[in-house]
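I opened a notebook page for this chain and wrote down what I looked up, one item at a time. What follows is in the order I checked it.

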Amino acid sequence: MALTEGELLDAGDEGLVELFGASPAGDIPKGPLEGTGIVRWGGGRVARPLAWLVRMAVWRGKVFDPEGYLSNRMTAFDVLAVVAQVYKGPSLMDEQECIVIDYSRISLAACGVRDEMRQVDEGLYLGVVWLFGLRVGWFALRVPEVDRTLPGKGA
């Protein structure tokens with residue numbers, strides 16, 4: 001049975017740390033991916049409504065360029081902003097390979113942010129957000145054709 005975003009929202013911080021550590025980097029995706037923000041605390045009771053709010057008002061996902069860059073999809077209007085470099089490298093979590101999303105060299109707005117992600121299922125990635133070297137949150141990215149289940153609907 002395929003892993004869903006709903007299960008990631010319910011997993012809690014410890015479950016996400018374990019899943020991230022057990023997952024391969026996977027291939028760097030191409031094109032637009034749907035995003036779900038996941039808070040580190042409170043489990044699904046807190047994570048689900050906050051994920052819905054973030055998706056509606058702030059962040060909707062990322063668009064990966066084949067040249068090694070990405071843009072974040074912001075607001076309900078899908079404004080592309082906050083650019084980053086994308087490459088494979090060691091994770092700050094466990095030194096194992098991950099997909100690094102590095103804002104430090106090309107984004108003034110997010111210069112202290114580093115995202116890392118690994119593929120946890122077909123078309124589904126789990127990402128961790130670092131701010132100035134501190135782990136502050138999680139996100140999920142999914143290829144739209146694989147699973148169209150959004151937070152608050154279905155699983």
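**Entry 1: the tail end**

I began in the segment after β8, where Glu-145 is found. The model is a predicted one, and I kept that in mind for each entry. Is Glu-145 buried or exposed? Its relative accessible area is 63%, and with the cut-off for exposed at over 50%, Glu-145 is exposed. Next I asked for a distance to a residue far back in the sequence. Leu-33 is 112 residues away from Glu-145 along the chain, yet their C-alpha atoms are separated by 9.5 Å.

**Entry 2: the chain as a whole**

I then stepped back to the overall fold. How many helices and strands does the chain have? The secondary structure comes to three helices and eight strands. I wrote out their order from the N terminus as α-α-β-α-β-β-β-β-β-β-β. The radius of gyration is 14 Å, close to the 15 Å that the globule rule gives for 155 residues, so the chain is as compact as a globular protein of that length.

For a sense of extent, I took the box along the principal axes: the C-alpha atoms fill roughly 40 × 35 × 30 Å. Of the 155 residues, 46% count as buried. I also looked at contacts with a separation of 6 or more, and residues 24 or more positions apart account for 49% of them. The surface came last: the chain exposes about 7,900 Å², and carbon and sulfur atoms supply 60% of that.

**Entry 3: the largest pocket**

Pockets were next on my list. Rolling a probe the size of a water molecule over the atoms shows where empty space is left. What volume does the largest pocket have? I noted about 460 Å³.

I pulled up its lining and got 22 residues. Those nearest the centre of the pocket are Trp-59, Asp-115, Val-129, Trp-138 and Phe-139. The elements that give two or more residues to this lining are β1 (31-38), α3 (43-57), β2 (59-65), β3 (69-74), β6 (113-121) and β8 (134-142). Which element gives the most? That is β8, with four residues. Sorted by class, the lining has 16 nonpolar, three polar and three charged residues.

**Entry 4: Met-93 and Glu-95 in one loop**

I moved to the loop between β4 and β5, where Met-93 lies. Met-93 counts as partly exposed, because its relative accessibility is 24%. What does Met-93 touch, leaving out residues up to four places away in sequence? I listed Phe-20, Glu-116, Val-128, Trp-130, Arg-135 and Trp-138. One of these, Trp-138, is also on my list of residues nearest the centre of the largest pocket. For a distance, I took Gly-37, which is 56 residues from Met-93 along the chain; the C-alpha atoms are separated by 19 Å.

Glu-95 has its place in the loop between β4 (79-90) and β5 (97-102). Glu-95 counts as exposed, at 56% relative accessibility. I flagged its backbone too: Glu-95 has a positive phi of about 70° although it is not a glycine. Most residues other than glycine have a negative phi.

**Entry 5: another positive phi**

Phe-132 went into the log for its backbone as well. Its phi is positive, about 50°, although Phe-132 is not a glycine. Where is Phe-132 found? I located Phe-132 in the loop between β7 (124-131) and β8. With 65% relative accessibility, Phe-132 counts as exposed.

**Entry 6: two helix residues**

Gly-21 lies in helix α2, which covers residues 12-22. I got 45% relative accessibility, so Gly-21 counts as partly exposed. Setting aside residues up to four places away in sequence, Gly-21 touches Asp-94 and Arg-118. Glu-34 is 13 residues from Gly-21 along the chain, with the C-alpha atoms separated by 22 Å.

My last lookup was Arg-45, which is found in helix α3. Why does Arg-45 count as exposed? Its relative accessibility is 73%, and the exposed class starts over 50%. I closed with its distance to Leu-9: the two are 36 residues apart along the chain, and their C-alpha atoms are separated by 8.9 Å.

Conventions. Residues numbered from 1 in each chain as written. Predicted model: local features only at pLDDT ≥ 70, side-chain atom pairs only at ≥ 80, totals over all residues. Heavy atoms only, no water. 1 Å grid on protein atoms, 1.4 Å probe; cavity = no way out; pocket = protein on both sides within 12 Å on 5 of 7 lines; lining within 4 Å. Points joined across faces, edges and corners; volume = space filled by probe spheres on them. Nonpolar A, V, L, I, M, F, W, Y, C, P; charged D, E, K, R; others polar. Rg over C-alpha atoms; globule rule 2.2 N^0.38 Å. Buried < 20%, exposed > 50% of the residue type's maximum accessible area, 1.4 Å probe, protein only. Contact = heavy atoms within 4.5 Å. Areas by Shrake-Rupley, 256 points an atom, 1.4 Å probe, with all protein chains shown as cover.
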